[in-house]
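Trainee: Got a minute to walk through a model with me? I'd like to start with the basics and then wander a bit.

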Amino acid sequence: MNALTLRLFVASVVIAGLAAAGSAQAQTVPRPAATTLATPVAPAASPSAPAPAGDYTIGIDDVLHVIVWDNKELEQDVIVRPDGKISYPLAGEIHVQGLTVPKLTEILKERLGASVKNPNVSVMVKEIRSFRVYFVGKVAKAGVYPIKAGTPLLQALTLAGGTSDGADLPSAYIIRGETKIPVDLRRLIQDGDLSRNLKLETEDTIVVPEIVIGSNPQEILDRRIYLLGKVVKPGVYTLKQDTPLLHALFLAGGVAEGADMASAFVMRGGEKIPVDLWRLIQKGDVSQNLTIKHEDTIVVPSGGELQNAVYVMGEVLKPGVYSQPEALTLLKLVTLAGGFTKYAAPSRSTLIRRDGEKKTLLKVDLKDIMNDPKANEDIALRPGDVLIVPERIF
């Protein structure tokens, strides 16, 4: 090997060594983590989830994570104060509300440049707390959710786990400031009516009410009907509008075993209207599908037992029809019905008593009667009396 060849060989080895060292060094240089947003929670915090930050504008209560590379002592979390400012070492106070992440990064580089040589700054949104909405009512996970501006209602609803059993979908609404905005979730979810998929604004409160069943009639403002006798779930039900008899029966779970369907009837004021449920259900005779109106009482008898009976509905263990009313009082009826459920509000019970065409609602405090029957009359029952034990509010 001559001298020139030897020099070329040595040079190539040195260049290869330098290239390998440079590659290894590049692999050890840490990179800034991705900008993160807080995963929606209700209401406690949870680990962050990645999200783009380029167009996000910083708001009050947001948590920012600032890194100045090669200056570990300057890495810290900062919270945007109510005045829209943050305080950062060597940079002083900065008004960040309304700034994008890249803009704040520029400002920090400029401010820190007076104290740190060529500062390499990274800013990440660790938690978004400034843009949030609230879900209350019959949703799977009620609570506070941080979301991006302009998130559609349906997408935000999925963060709360969707609606839960008993949700009154058509009656849902959004509270925005002093305004109540109706949103028919039934049409949005079931019919795909995207005109209902409103874009949410910060501090919106989405309310999904509960369907009211078996409540005290004096507390119900909408149309109410009564289903008694041999139905699966006797009780008081609310309607948004007049509805066919067959639909009303579905609310109560349909007729129960042992029902005398041919002898059913509807009480409307002082009028008794016969309806043959057997012909309606078995034969499809739609002439029997009476339109049910506010204050109608649907009665499905069993062997004539309702001619001389009383009824108990609501929060008792065995709601239904009980015979021999002349031997019963309020407390005896509750005892026969198995007592109260754990959700009962006995002090707000109601006794419905019909006297001819007149219907009277009597407030009765069953709790007081139980505690001191001498001072509080345990009312003797009459045929046709209806006792309703409502669900407690809290």
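Mentor: Happy to. Helices (H or I, at least four residues) and strands (E, at least two) are DSSP runs, numbered from the N terminus. This is a predicted model, in which local features need pLDDT of at least 70 and side-chain atom pairs count only at pLDDT 80 or more, while totals for chains, interfaces and linings use all residues. Residues are numbered from 1 along each chain as its sequence is written, and side-chain values use heavy atoms, with hydrogens and water left out.

Trainee: Okay, how many helices and strands does the protein chain have?

Mentor: There are 8 helices and 24 strands.

Trainee: And what is the mean pLDDT?

Mentor: pLDDT is the predictor's confidence in each residue, from 0 to 100. The mean for the protein chain is 76, with 79% of residues at 70 or more. Among the elements, strand β1 (residues 36-38) has the lowest mean, 34, and strand β18 (residues 291-292) the highest, 91.

Trainee: Where does pLDDT stay under 50?

Mentor: Residues 1-54 are one such stretch, and the model gives them 56 contacts beyond four places in sequence; contact means heavy atoms within 4.5 Å. Residues 213-221 are also below 50, with 28 contacts beyond near neighbours in sequence.

Trainee: Switching to the core: which residues have the most contacts inside the largest one?

Mentor: Tyr-88, Leu-108 and Phe-135, in a nonpolar core of 45 residues. Such a core is a set of buried Ala, Val, Leu, Ile, Met, Phe, Trp, Tyr and Cys residues joined through side-chain atoms within 4.5 Å. Buried means under 20% relative accessible area, exposed over 50%, and partly exposed in between (1.4 Å probe, protein chains only).

Trainee: Which element gives the largest share of this core?

Mentor: That is α2, with 5 residues. Elements giving two or more residues include β3 (63-68), β7 (121-127) and β12 (205-208).

Trainee: Phe-135 caught my eye. What is it in contact with, leaving aside neighbours within four places?

Mentor: Its partners include Tyr-145, Ala-156, Leu-157 and Ile-206. Phe-135 has 1% relative accessibility, so it counts as buried. Tyr-145, at 2%, is buried too.

Trainee: How many aromatic pairs does a search of the whole structure find?

Mentor: Just 1. Rings of Phe, Tyr and Trp (its six-membered ring) pair if their centres lie within 6.5 Å; planes under 30 degrees apart count as stacked, over 60 as edge-to-face and the rest as tilted. Phe-135 and Tyr-145 have ring centres 6.0 Å apart and planes at 85°, so theirs is edge-to-face. The pair joins strand β8 (residues 132-137) to strand β9 (residues 143-146), with the two residues 10 apart in the chain.

Trainee: Which ring does the charged end of Lys-180 sit over?

Mentor: The ring of Tyr-173, 4.4 Å from its centre. Lys-272 lies over the face of Phe-265, at 4.3 Å from the ring centre. The rule is NZ of Lys or CZ of Arg within 6 Å of the ring centre and within 35 degrees of the ring normal.

Trainee: Last one: is Thr-350 buried or exposed?

Mentor: Thr-350 is buried, because its relative accessibility is 0%. It belongs to strand β22 (residues 349-355), and its C-alpha is 6.7 Å from that of Val-389, 39 residues away in sequence. As for Gln-155 in helix α3, its 47% relative accessibility makes it partly exposed.
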